[in-house]
Amino acid sequence: MKTIKFILGLVLSASLLTSCYREEVIIADVNPAISVNQLLSAYELWYVDINATQGFGEVPFLQIAFTVSFRNGRLFANNNLVGFGSQGNGFGVDIGNYDAYNGVLDTYHILDGYDSFDVYQINANTIELYNPFSDTSYFLRGYQRNTFDYDFIFYDNIHYFLQEYEAWEKVYTSNYGVLNEFDYENYLQFLAGGNDSTFRSSQDSGFNNPLNIYWDYTGVYNVTDIPGNFYLKRLTLDYDFFDNEFFELSVINDGRIQLYHTISGTVYEFAGRGYIPYMRQTNAKGKTVTEDGKPKKRKQRTPKVDNPRTNTRS
């Protein structure tokens, strides 16, 4: 991720990334004067607005990606928030290739293989990719790298960032603040899968390999907004045996977070240990597999709805 600016004046309006495409999809298909190839390459980054998705199916590589890019037949994606803006010169990782013709986009993913989409231009910088095989539409909004608001996307998806490390190690405790039970916690872990709300904590210390940590406690966590400050979040850790712990969560950089313990006034800093690339793996037979506890995909927070598109290929 690029350096976090913490300047509210630079934030793109949240309305740019909201899920308000349904009426436009039905009444405002735009037949661009340019080819679909020119349309896809007109913007360097296409942000996948996962919450605007229509239909009940999924396309695995789009469900994972924050952005995709179409560059001279090669398909790129930013699947992680760690390194977002710098990995692959900002385009992310190379995930396959594509062919675009007559309003159709064919993709050839390195793991998932072939897929195909009907491409609709919704407005000047929004496209719909309709997958007839799953009857699902994804909506992508185009940006150039130098005008993309990396900070907004980062904070809007911060729970995924917390999951991109095997563990978070406490590396700093302020010399001010009231003594409290959380002083004894040295590691945190935020697990993906299910409802994305499980955390673990440990009082171990000095482990170089996060896999060797003994986790003393497993509970539920929640990250919510703080009104009036988009670049600050409220983190709640539910410890049943001594009640909840409340923090103001801010991000120092791609590998370090700050937790301000609101009750005691203590400031902690945690560093990420064991980076988890946001990709699937294949087994010896070439079949796609996943690992328990690892990030699999972005989850749609809005209710799924029927897709108004008609499959013209069947």
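Colleague: What makes strand 15 (residues 256-261) and strand 16 a pair?

Modeller: They are joined by 5 bridges in the antiparallel sense, and two strands count as paired if DSSP finds at least two bridges between them, so the requirement is met. This is a predicted model, in which local features need pLDDT of at least 70 and side-chain atom pairs count only at pLDDT 80 or more, while totals for chains, interfaces and linings use all residues. Residues are numbered from 1 along each chain as its sequence is written, and side-chain values use heavy atoms, with hydrogens and water left out. Within the pair, Tyr260 stands opposite Val267 in strand 16, and the two strands form a hairpin with 5 residues between them, where Gly265 in the turn has a positive phi of about 80°.

Colleague: How many bridges join strand 9 to strand 16, and which residue is the partner of Tyr165?

Modeller: Strand 9 and strand 16 run antiparallel and are joined by 7 bridges, and the bridge partner of Tyr165 in strand 16 is Tyr275. Helices (H or I, at least four residues) and strands (E, at least two) are DSSP runs numbered from the N terminus, and on that basis the protein chain has 5 helices and 18 strands.

Colleague: Which strands close into a barrel, and what joins strand 1 to strand 8?

Modeller: The barrel is closed by 8 strands in the order 1-2-3-4-5-6-7-8, with antiparallel pairing. Strand 1 (residues 45-48) and strand 8 (residues 136-143) pair over 4 bridges, and Trp46 stands opposite Gly142 in strand 8.

Colleague: Why is the pair of Phe66 and Tyr160 called what it is?

Modeller: Rings of Phe, Tyr and Trp (its six-membered ring) pair if their centres lie within 6.5 Å, and planes under 30 degrees apart count as stacked, over 60 as edge-to-face and the rest as tilted. The centres of Phe66 and Tyr160 are 6.0 Å apart and their planes stand at 75°, so the pair is edge-to-face. Phe66 lies in the loop between helix 3 (60-64) and strand 2 (67-71), and Tyr160 in helix 5 (residues 158-162), 94 residues apart. Both Phe66 and Tyr160 are buried, a word that means under 20% relative accessible area, with exposed over 50% and partly exposed in between (1.4 Å probe, protein chains only).

Colleague: How do you class the rings of Phe182 and Tyr268?

Modeller: Their centres are 5.2 Å apart and their planes at 70°, so this pair is edge-to-face. Phe182 and Tyr268 are 86 residues apart, and both are buried. The structure holds 28 aromatic pairs, and ring pairs also link a cluster that includes Phe152, Trp168, Phe230 and Tyr275.

Colleague: What makes you place Arg71 over a ring, and which ring?

Modeller: A charge sits over a ring if NZ of Lys or CZ of Arg is within 6 Å of the ring centre and within 35 degrees of the ring normal. Arg71 lies over the face of Phe91, at 4.0 Å from the ring centre, and Lys233 over the face of Phe230, at 4.7 Å.

Colleague: Why is Asn89 classed as buried or exposed?

Modeller: Its relative accessible area is 56%, so Asn89 is exposed. Asn89 is in the loop between strand 3 (74-78) and strand 4 (93-101), and its phi is near 60°, a positive value in a residue other than glycine. Most residues other than glycine have a negative phi. Asn102, in the loop between strand 4 and strand 5 (104-109), likewise has a positive phi, of about 45°, and with a relative accessible area of 78% Asn102 is exposed.
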